Structures are given as structure tokens and as C-alpha cells.
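Hi everyone, and thanks for making time for this. I'd like to walk you through a structure that may be new to you, so please have a look at it before I start.

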Amino acid sequence: MIPRWCLLVMTLASLGCIAYKPAPVDLQAQAESLQARRLSDPGLRAYLEGTSGKPIVPWPQGKWDFQGLTAAALYFSPVLAQARADEARTEADALAAGLRPDPVLSLTNQYQSNTTAGLSPWTAGPSLDITFTTAGKRRIRQAQAAERLRESHLRGEGVRWQVRSSLRSALAGWQYASSRAAATARLAGARDEALSAVDAALKAGEVSRPDLDAARADAEGAHLALSSARQAEASARANLAGALGLPEAALEGITIESLDVPPPTPPEGADALSQALTGRSDVLAALAAYAAADQAYRLAIAEQYPDIHLQPGYLWDQGAVRWELGLALLLPMVNRNRGAIAQAEADRAVAGARLLSVQASVLREVEGAEAGYGAARESLERALAQASARRAALSSARAALAAGEADRLAVALASAGSGAADLDALTAEQDFQVSLGRLEDALERPLSPASPLPPVSPVSPKESP
């Protein structure tokens, strides 16, 4: 038998409950949405205007630079959407850490069969258990949750940089593949011209048959390389679309500006290294994790002091009204929370060691990236000088042909040599771009003022496909 007043209390308590919100997943709709993504998305325009603070006209844009593509990648990135979801989950944990414990309502309802005549056989009444936390545990939990939230936010910043890094790598790869395909096509044309010139020289008795076979082999090799270069270009285009979070069809009809080469000289010396060791998002996230572990240790210390449970109650006992006031607390007489304290202290030591490990990894990355950058820059300068010398030789050969001092074969061979040198320069340029990207990743900051990481837009990026 449940008294009516009890039913009333339960009804009133249920009025503040949050209702379930269904969120079904439609795989077909998500697949169609992914395939329909385009750079003309109106939501992307609002996001870009939020990052730049000014209207974008005209829309859609037909020309995109690295900065704009980075913002688009941040808008469409599913990895970043997951990072934001993780951060929202941590925010919910922080909210829960600040809540006070609700009182516990207990109901007593007994029936006594052998009661005295004239007295009610029922004994009934409610009682409450109200918890009062001690030793600042609630404040410590809030501080711990704040550090975890800061760690989650910093890891999200690291994901934003990873999106930019992946896009830069994909753009550099596509730029290299496109340039290499074009240069290989020119080289194949030069090899064909050389083959034609050697064939004419053979018919004139000026060269031997092995010379023609060697020229034909060079021409066939150049066309084989051209086929491979075109396949690499198609693959690099698909990789670029993937880095943007778009289908490949979304790149049709737009012009993409190439990355600048060479960029400004990067920062050198102890300042850049010090900034990376103390300012990279993974270092700061590890520091926040250590601070959260320290708060967990403080909480374990505070748990030695028991919470106070105040238990007021009302009892209707066979017609008599009784008021009750109980007090309960855990008596730390046996272990005094020593096990939890030891575990929390060990967890803090682990977090400290992890922080040191992250900094050591950053040190290796920066020093290795700086060394690789310097070597790649020197190689690029030598390759560019060689390509320039080959172009000068080609110009001289053409001038000699016009003056009647050289034949067509000499020009064809000089053209082939210039094309090969251009390919070597492209390879050196790509190696330089890769080393530059590694140095930017190691420092976690752009080295070119024209390509900083876009600021966070007040307009939320896509949360789902």
C-alpha cells in the first residue's frame, strides 16, 4: 500500500525530468550527403565569413588558395567533428562534477497484525538522506574536470593542426604530381624529337643503328614514365579531395593556387625550439593531464575525511507522530583510503613521465626537421641551378641551329637534357616541401605569414556528414 502523498511526491519529482531525444542514424542519407558535398555549400560560406569577419563575394568561388582550402577542410573534416564531440562529452563531465548530490528519499510502510484495539495497525513515514561533502571534495572535482576539459580542448587544437597538415601534404603532393606529369610530357616530346632526329641521321649515314635503338629506348621509357606520372596525378587529386573531406567530383571546375616555393626562412635557434617544447598543443595537453592527475591525488587525500549524511524523517506510528533526525558518516578506522591514495599518486607520476616523454619527442622532431629542412633547401638550390644551366644550354643549341652551327639532333638532345633537369628540380622541390611541412608540424605553427591556421569561426562547422 503506497500512501497518496507518496504518489504526489513522485509525480512532482518526475516533472523536472529530461525526456529522451531519439537520434536515429540513416546510413543511406549520410552516404548521399557525403557524395553531394561541394565547395559551393552555403554553410561553408557562412563558416568562411565567420573566420574572416567579412562577406565573401562572389559565391561560389572559382579560385581557392591554401588558406581558403584549410578553412574548408576544417569545415568538412569528420575527424574534427569527432574531436568536437569528445570535447562536448568532457564538458558534460565538467557539468556533472559541479552538481551537488540529490537527497535520497526513503519510505517506511509497515503493518502490525496484533495491535491494541482502537489503534491503527499501520506505521508509515518518509525520511531523507542529505549528503554534505567535506574537505572541499566538490571544489577539487570541479578543478579536476576543468583540467580535463582544457586537455580535451588542446587535443582538439592538435586535431585542427593535423587537418591543416594533411591538407598541406596532399596539396603539395598534387602540385608535384601535376607539375611532374607536365614536365614528363615535355620530356617525352623531346625524346620523340630526338628519336626522329637520330632516325634522319641514320638514313644520312651520320650515326649507327645502336644509336637509333638507344634513342628509341629513351623515347619508350619517357612515355612509360609519362603514363606513370599521369596515374600519380590522378591519385594525388583523389588524395587532395580526401584531405578536404570532399568527393573528387567537388574539385571539378575550380582553380587551386600552388604553394609558394621557396617560403620565407623559418625561425632558427633556441627560441623556436623553446616555443615548441612549451607551446605545442600535445605538450600543453599532457600538462593539463598531469594537472588533472594531481587533482585526482588531492581528491584521494580528501576522501580520507568522510562526508556527512543528515537523515531527517517523519514517522506515523499507530496513530502517534514521531520526528526523527539521524546522522551517518563513514568511519575511516581501517584503511583511511590508503589504496586509492597510492593509486592516485602513481597515476600522477605516470602523467609526469608522459609529459616528459612528449617533450623529448618534440625535441627530436624539431631538431630532425630543422636538419632535414636545411639539407633539402641546399639540394633544391643545386637542382634549380642545374635546371637553369640546362635551359641555358638549350638556348645556346637553338641559337647555334639558327646560325647553322649545330644540327637538329643537338637541339633535341639539349631539350631532353633540360627536361630531365626540370624533373630533378621538381623532385628536389617536392622533397623541400615535405621537409618544410615536417618542420611546420614539429613547431606546430606556419612558417609562411600567408598561411596561418584559420581562427575558430563563430559559425559551427558540420557536426556530421
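**A walk through the chain**

Let's begin with a single residue: W64 has a relative accessibility of 2%, so W64 counts as buried, since the cut-off is under 20%. Before going on, please keep in mind that this is a predicted model.

W64 has a partner. Together with W59, W64 makes an edge-to-face aromatic pair, with 6.2 Å from centre to centre and 75 degrees between the planes. And is W59 buried or exposed? W59 is buried too, at a relative accessible area of 18%.

There is another pair of this kind to look at. Y75 and F76 also sit edge-to-face, 4.9 Å centre to centre, with their planes at 80 degrees. Y75 is buried, with 6% relative accessible area, and F76 is buried with 1%. Y75 and F76 also belong to a cluster, in which ring pairs link them with Y47. Over the whole structure, there are four aromatic pairs.

Now let's step back to the chain as a whole. How many helices and strands does the chain have? The secondary structure comes to eleven helices and six strands. The chain has 465 residues, and 36% of them count as buried. About 26,200 Å² of the chain is exposed, and carbon and sulfur atoms supply 56% of that area. Looking at contacts with a separation of 6 or more, 78% of them are between residues 24 or more positions apart.

On to the cores. The largest nonpolar core has 35 residues, and the ones with the most contacts inside it are L44, W64, L167 and L240. So W64, where we began, turns up again here. Which elements give two or more residues to this core? They are α3, which covers 42-52, then α4, α5 and α6, and finally α7, which covers 209-244.

Let's zoom in on L44. Setting aside neighbours within four places in sequence, L44 is in contact with L39, W59, W64, A72, Y75 and F76. You'll recognise some friends there: W59 and W64 are the pair I showed you at the start, and Y75 and F76 form the other pair I described. Apart from this core lies another one, of 25 residues, with A272, A276, A383 and A425 among them.

Next, helix α5. This helix has 20 residues, running from 78 to 97, and at 1.5 Å a residue it should span 28 Å; its end C-alpha atoms are 29 Å apart, so the two values agree. Which residues of α5 are buried? They are L80, A81, A83, R84, E87, T90 and A97. Their cover includes α4, residues 66-76, and α6, residues 137-203. At the N-terminal end of α5, S77 acts as a cap, with a side-chain oxygen 3.3 Å from the backbone nitrogen of V79.

Let me finish with a few places in the loops and at the end of the chain. Two of them are cis peptide bonds. One runs from V57 to P58, with omega near 0 degrees, and P58 is in the loop between α3 and β1, the strand at 63-64. The other joins W59 and P60, with omega about 0 degrees, and P60 is found in that loop between α3 and β1 as well.

Then there are positive phi values. A135 is not a glycine, yet its phi is positive, at about 60 degrees. A135 is in the loop between β3, residues 122-132, and α6, and at 39% relative accessibility A135 counts as partly exposed. E444 is another residue other than glycine with a positive phi, near 55 degrees, and E444 lies in the segment after α11, the helix at 408-443.

My last stop is N337. Where does N337 sit? The answer is the loop between β6, residues 320-328, and α10, residues 338-402. N337 and I301 are 36 residues apart along the chain, with 7.7 Å separating their C-alpha atoms. Not counting residues up to four places away in sequence, N337 touches A300, E303 and Q304.

That's my tour, and I'm happy to take questions.

Note on methods: Residues numbered from 1 in each chain as written. Predicted model: local features only at pLDDT ≥ 70, side-chain atom pairs only at ≥ 80, totals over all residues. Heavy atoms only, no water. Helix = DSSP H or I, 4+ residues; strand = E, 2+ residues; numbered from the N terminus. Expected span 1.5 Å × (residues − 1). Buried < 20%, exposed > 50% of the residue type's maximum accessible area, 1.4 Å probe, protein only. Contact = heavy atoms within 4.5 Å. Polar contact = N/O pair within 3.5 Å; in protein donor to acceptor, adjacent residues only side chain to side chain. Phe/Tyr/Trp six-rings, centres within 6.5 Å; stacked < 30°, edge-to-face > 60°. Core = buried A, V, L, I, M, F, W, Y, C linked by side-chain atoms within 4.5 Å. Areas by Shrake-Rupley, 256 points an atom, 1.4 Å probe, with all protein chains shown as cover.
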